Amino acid sequence: LILLRRGHLEWEDISVIHERCMDPALSVRKQAMISLTSLVQEYQDSEYEKLHRLWLDGVLPAVMDREVGAKDKSLSILEDVILHGILEKTRGVENEDQFVWRLLNVIAEEERMDLRRCLHLALQQWSKDSKITSRTLTIITSHTAIQQHQNAAWMLLSEISALNQS
């Protein structure tokens, strides 16, 4: 319904969906993650930062969920949005304010160590599954030269290098 009202988001509705990401029922948590992701993919502009933060707070912590089904759904969504978002975009002037990098910049904020720990778990799984390739590292490294992406790129490189030290 929210997508039908294009251009007019009801924050009360979005807050309810966000809260459902922590529902006791697995099916409700999974559907809430799917619904929030649909909204975030529809509203990627920077003016919807509040929605993006709610998405991160709803979907990213699910990588630590007690239910394997919720963990897997979260990892799948994060892979589609974040990992594929990094890989699909190439460095260039027109891409300097990419959606995925805005999300990563939120995670890189000092006060968001909770999200960073969750991202670390996702990166750990992607590394185990060989989804972090040399191409991925090359793309992330190229973003260290873009002012708006530097913090996020260095944070990602730091998290990935920590995986390889163990």
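Student: How much of the chain counts as buried?

Tutor: Of the 166 residues, 45% count as buried. Buried means under 20% relative accessible area, exposed means over 50%, and partly exposed is in between, with a 1.4 Å probe and protein chains only. The model is predicted: local features need pLDDT of at least 70 and side-chain atom pairs count only at pLDDT 80 or more, while totals for chains, interfaces and linings use all residues. Residues are numbered from 1 along each chain as its sequence is written, and side-chain values use heavy atoms, with hydrogens and water left out.

Student: How many helices and strands does the chain have?

Tutor: The chain has 8 helices and 0 strands. Both are DSSP runs numbered from the N terminus: helices are H or I over at least four residues, strands E over at least two. From the N terminus on, the elements run α-α-α-α-α-α-α-α.

Student: Why does Cys 21 count as buried?

Tutor: Its relative accessibility is 6%. The limit for buried is under 20%, so Cys 21 meets it. Cys 118, at 2%, also counts as buried.

Student: How many disulfides does the structure hold?

Tutor: The structure holds 0 disulfides. A disulfide is a pair of cysteine sulfur atoms within 2.5 Å, so no pair of cysteines in the model meets that limit.

Student: What makes Ser 158 partly exposed?

Tutor: Ser 158 has a relative accessible area of 35%. That value lies between the 20% and 50% limits, so the residue is called partly exposed. Ser 158 is in helix α8. Its C-alpha lies 10.0 Å from that of His 120, 38 residues apart in sequence.

Student: Is Ser 130 buried or exposed?

Tutor: Ser 130 is exposed, because its relative accessible area is 57% and the limit is over 50%. The residue lies in the loop between α6 and α7. Although not a glycine, Ser 130 has a positive phi of about 60°.

Student: Why is Arg 112 called buried?

Tutor: At 14% relative accessibility, Arg 112 falls under the 20% limit and therefore counts as buried. Arg 112 sits in the loop between α5 and α6. Leaving aside neighbours within four places in sequence, Arg 112 is in contact with Arg 53, Asp 57, Val 106 and Ile 107. Contact means heavy atoms within 4.5 Å.

Student: Which residues does Ala 62 touch, not counting residues up to four places away in sequence?

Tutor: Ala 62 touches Met 33, Ala 70, Lys 71 and Ser 74. Ala 62 is in the loop between α3 and α4, and its relative accessible area of 6% makes the residue buried.

Student: What makes α5 a mostly covered helix?

Tutor: In α5, 9 of its 10 residues are buried. Among them are Phe 99, Trp 101 and Arg 102.

Student: Which elements do the buried residues of α3 pack against?

Tutor: They pack against α1, α2, α4, α5 and α6. The buried residues of α3 (49-59) include Leu 51, Leu 54 and Trp 55.

Student: Which residues touch the most other members of the largest nonpolar core?

Tutor: Of its 52 residues, these are Leu 51, Trp 55, Leu 78, Ile 86, Leu 104, Ile 107 and Leu 156. The largest share of this core, 9 residues, comes from α4. A nonpolar core is a set of buried Ala, Val, Leu, Ile, Met, Phe, Trp, Tyr and Cys residues joined through side-chain atoms within 4.5 Å. Leu 156 touches, beyond four places in sequence, Ile 86, Trp 101, Leu 104, Leu 119, Leu 123 and Ile 140.

Student: How many cavities of 30 Å³ or more does a search of the whole structure find?

Tutor: The search finds 1. About 50 Å³ of space lies in the largest cavity. On a 1 Å grid over the protein atoms alone, a cavity is a set of points where a 1.4 Å probe fits but cannot get out, and lining residues have an atom within 4 Å of a point. Grid points are joined across faces, edges and corners, and the volume is the space filled by probe spheres set on the points.

Student: What is the lining of the largest cavity by class?

Tutor: The lining has 10 nonpolar, 1 polar and no charged residues. Ala, Val, Leu, Ile, Met, Phe, Trp, Tyr, Cys and Pro count as nonpolar, Asp, Glu, Lys and Arg as charged, and the others, Gly among them, as polar. Thr 136 is one of the lining residues, and Thr is in neither the nonpolar nor the charged list, so Thr 136 counts as polar.

How values were computed. On a 1 Å grid over the protein atoms alone, a cavity is a set of points where a 1.4 Å probe fits but cannot get out, and a pocket is an open set with protein on both sides within 12 Å along at least five of seven lines; lining residues have an atom within 4 Å of a point.
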